[in-house]
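Here is a friendly walk through a two-chain complex, written for someone who likes to check each statement against the coordinates. Please have the viewer open as you read.

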Amino acid sequence: MGFTRQAGTKEGMTDVFSIEKTSLDELVIALAGNPNTGKSTVFNALTGLHQHTGNWPGKTVANARGNYRHKDKTFILVDLPGTYSLLASSVEEQIARDFICFGKPDATIVVTDATCLERNLNLVLQVMELTNNVIVCVNLMDEAKRKNIEVDLKGLSRELSVPVIGTAAREGTGLKELMDTVYDVSMGIIKPVPKRMEYEEDIEEIIKDTMSKIEQYVKDPVVLRWLALRLIDGDKTIIDSIKEYMMADWEGRGDT
Amino acid sequence: MSSMDSSGLSDIIFISKSIKEQYGSEFRDRIVKSIYNRAGEVAKKVVKNNSEKKKDADKKIDDILTSKTFGIPLMLLLLAVVFWITLVGANYPSELIGKFLFWIQDRLTDLFMNMGAPSWLHGVIVLGFYRTLAWVVSVMLPPMAIFFPIFTLLEDLGYLPRIAFNLDHLFKKACAHGKQALTMCMGFGCNAAGVIACRIIESPRERLIAILTNNFVPCNGRFPTLIAIASIFIGGAVAPVYGPIIASLAVVGLVILGIAITLLVSYLLSKTLLKGVPSFFILELPPYRKPQVGRIIYTSIIDRTIFVLGRAVAVAAPAGALTYILGNIYINDMSIIAHAAHFLQPLGHALGMDGFILMAFILGFPANEIVLPILIMSYLSAGSMVDFNGLGMLKKILVDHGWTYLTALNVMLFSLLHFPCGTTIWTIRKETGSFKWTVLSALIPTAVAVIVCFIVTQVARMF
């Protein structure tokens, strides 16, 4: 049938990657997050656009992007499809994963829902395996407060060792701080060193072994470990993504 | 990123294969489990949940709204209330806007007269172009300005996933994906949007089913037509007090029929062209949220109402001019429109309609919004002037041209079931990337519409 890949991946992909920086003053920021965490609201609040936000999972199926200026830079914000994980079990997850890994955004914001943080942390941990430049945005702090849920943002930042910002995007609180942090991370003023997942010993052994086999092809140590992990967990889509984004003829676009 | 050549790639493929052979797929589960455990640990350290009250309230509401007994009836009741508000609320403003716009038409006519413009120019611009525009705006704007904010409100509250939850087992029975209920809901807004929303369905088979059947729920281009005809012919048949209620129930009935046909066609497709079993999915019921009134009004008025109306006007105005021209160029004592309608008459009659109606549906292919205006234009193409006084005038025009209750019913059925509009078909072509499925997406609904109207008409004529 050739249906899913044609329509979903290919087109979606060219869409995602066709971001052209017009000058060096522009930085690309990816916006990831579980469905229904107010990701689109954060997107709208930052960019001043009015992408429709609906209270149901799976709302953002296409990729929206918008700009905003902060200090002396222009930020191109890419709203990735809402996903629960990056294990590529759906087209959306594959799009989000490939963009963060191969699109090399200058920073990635993971929007989470303060009222059900645990579920959202799965995605945060997975994004942290893909890139160093992660900022966790704990959104819906107002709703959490109403529900009497307290989130220790400093503690979370300590646990993950990445910047954590609390926001209530609908009311506009915390956005300034978020933009400041995005600025600092994408400019390299803050260099997060995420506390990465450690797996059981036997898995770690195999990860190391696999890494040594493929290290000649992959310079970036973060991507190296992540690729080894994907090869180990038998991800069928990863070969396709490698073909598409890492082959020599693609180098010009991947390396910025 | 460092470079990788084809030998590097084959190396990696080899490594991946040998890992798979050596260890099977045991690691994926363990890796995922480790991540979940870590997420749990971190959350335990940083989250302090002092109350479960709101959750309990949500759960109590959900126990009723998604219960097996009350879920679907409540949903239909809600739908009926929404239509009722739309019908009652739209009537008066519609009349007001109509009067105003047709007052302008008279002034335009005066202007053309004073300038000594030739009558064909007045005809094309005022009677064709402007009058259709006035029709579309006055008939469509008020219902949309009421319906969309309510629909967006329900969406913002978090009711849509509950609808999906309620309908899930029905779709499962039809061997389709439960999320199709969600894409179907989007179809109520716009079928093209509904088709795009089908991307949330992972399995290609079930996604195709959802795309091919999305058209069976009326989009907002067709709602005004359905609402107008329902309130004239069905609501108008009973005492004025009950009119809007009966008319809303009729529209609800049509929606139920649309859903039933969606399920039936989905079932037939999965037994024939798209064989397979439904796949599992997890549907998250999001918390109910306090709606953001400002955003709802913005979204529903700007993004939806103005967008849809703009599209309708952009298509309708030239179509109106074209219809006027076709209606006023005579070949052998008959206008071109009359020739075409005459040609379609036998088929139209067999389906309980007439040639003009079928032609309006065909000319309405670019956008379903303009079917009714085009029909009125072609009925009135001889140029007879009619003063606008709300839906009453519409009824008079239709009845004068031989409409009966059977005609009204068939027009509503045909409108509900017929081929998708141009935009939707174009979207389907883009989403499926397949010519074959695009053609089928037009053929299947058309066949269903023809069969249903034919049967209804023949059965009705027996009595």
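Let us begin with confidence, since this is a predicted model. Chain B has a mean pLDDT of 82, and 93% of its residues reach 70 or more. For chain A the average pLDDT is 80, with 80% of the residues scoring at least 70. Two stretches of chain A call for caution. Over residues 55–61 of chain A the pLDDT is below 50, and this stretch has 38 contacts in the model beyond near neighbours in sequence. Residues 249–256 of chain A also have a pLDDT below 50, here with 10 contacts beyond near neighbours in sequence. For the complex, the predictor gives an ipTM of 0.84 and a pTM of 0.61.

The table below sets out the make-up of each chain.

| Chain | Residues | Buried residues | Secondary structure |
|---|---|---|---|
| Chain A | 256 residues | 54% buried | 11 helices and seven strands |
| Chain B | 463 residues | 48% buried | 19 helices and three strands |

Contacts between distant parts of the sequence can be followed in both chains. In chain A, 65% of the contacts with a separation of 6 or more are between residues 24 or more positions apart. In chain B, among contacts between residues at least 6 apart in sequence, 75% join residues at least 24 apart.

**The strands of chain A**

A good place to start in chain A is strand β1 (residues 26–33), where seven of the eight residues are buried. β1(A) pairs in the parallel sense with strand β3 (residues 73–79) of chain A over six bridges, and Ala30(A) has Val78(A) as its bridge partner in β3(A). β1(A) also pairs in the parallel sense with strand β4 (residues 107–113) of chain A, over five bridges. There, Leu31(A) stands opposite Ile109(A) in β4(A).

β3(A) has a further pairing, with strand β2 (residues 64–70) of chain A: this one is antiparallel and runs over seven bridges. Val78(A) turns up again here, as the bridge partner of Arg65(A). β2(A) and β3(A) form a hairpin with two residues between the strands, and in this hairpin Lys71(A) takes a positive phi near 50 degrees.

**The nonpolar cores**

Which residues touch the most other members of the largest nonpolar core? They are Val251(B) and Met412(B), in a core of 120 residues. Helix α5 (residues 119–157) of chain B gives the most to this core, with 18 residues. Apart from this core lies another, of 83 residues, with Leu31(A), Ala32(A), Phe43(A) and Val164(A) among them. Leu31(A) is thus a familiar name, being the residue that stands opposite Ile109(A).

Back in chain B, Met412(B) is in contact with Leu226(B), Ile229(B), Ala230(B) and Leu254(B), leaving aside its neighbours within four places in sequence.

**Two helices and a loop in chain B**

Helix α9 (residues 204–213) of chain B is mostly covered, with 10 of its 10 residues buried. Its buried residues include the charged-type names Arg205(B), Glu206(B) and Arg207(B) as well as Leu208(B), Ile209(B) and Leu212(B).Helix α13 (residues 336–350) of chain B shows another picture. Its 15 residues reach 22 Å from the first C-alpha to the last, close to the 21 Å expected at 1.5 Å a residue. A kink of about 50 degrees lies at Leu344(B), shortly before the proline Pro346(B). Leu344(B) is also one of the buried residues of α13(B), together with Ile337(B), Ala338(B), Ala341(B) and Gly348(B). In an α-helix there are 3.6 residues a turn, so residues three or four places apart point the same way. After α13(B) comes Gly352(B), with a positive phi near 75 degrees.

The last stop is Leu285(B), in the loop between α11 (243–271) and α12 (293–328) of chain B. Why does Leu285(B) count as partly exposed? Leu285(B) has 18 C-beta neighbours inside 10 Å, and therefore falls in the partly exposed class, since a buried residue needs 20 or more and an exposed one has 12 or fewer. Not counting residues up to four places away in sequence, Leu285(B) touches Asp62(B), Pro161(B), Arg162(B) and Phe165(B). Leu285(B) and Gly158(B) are 127 residues apart in sequence, while their C-alpha atoms are 8.0 Å apart in space.

How values were computed
Residues numbered from 1 in each chain as written. Chains lettered and ligands numbered in written order. Predicted model: local features only at pLDDT ≥ 70, side-chain atom pairs only at ≥ 80, totals over all residues. Core = buried A, V, L, I, M, F, W, Y, C linked by C-beta atoms within 7 Å. Helix = DSSP H or I, 4+ residues; strand = E, 2+ residues; numbered from the N terminus. Contact = placed C-beta atoms within 7 Å. Pairing = 2+ DSSP bridges. pLDDT = per-residue confidence, 0-100. Expected span 1.5 Å × (residues − 1). Bend = angle between axes of the 7 residues up to and from the residue.
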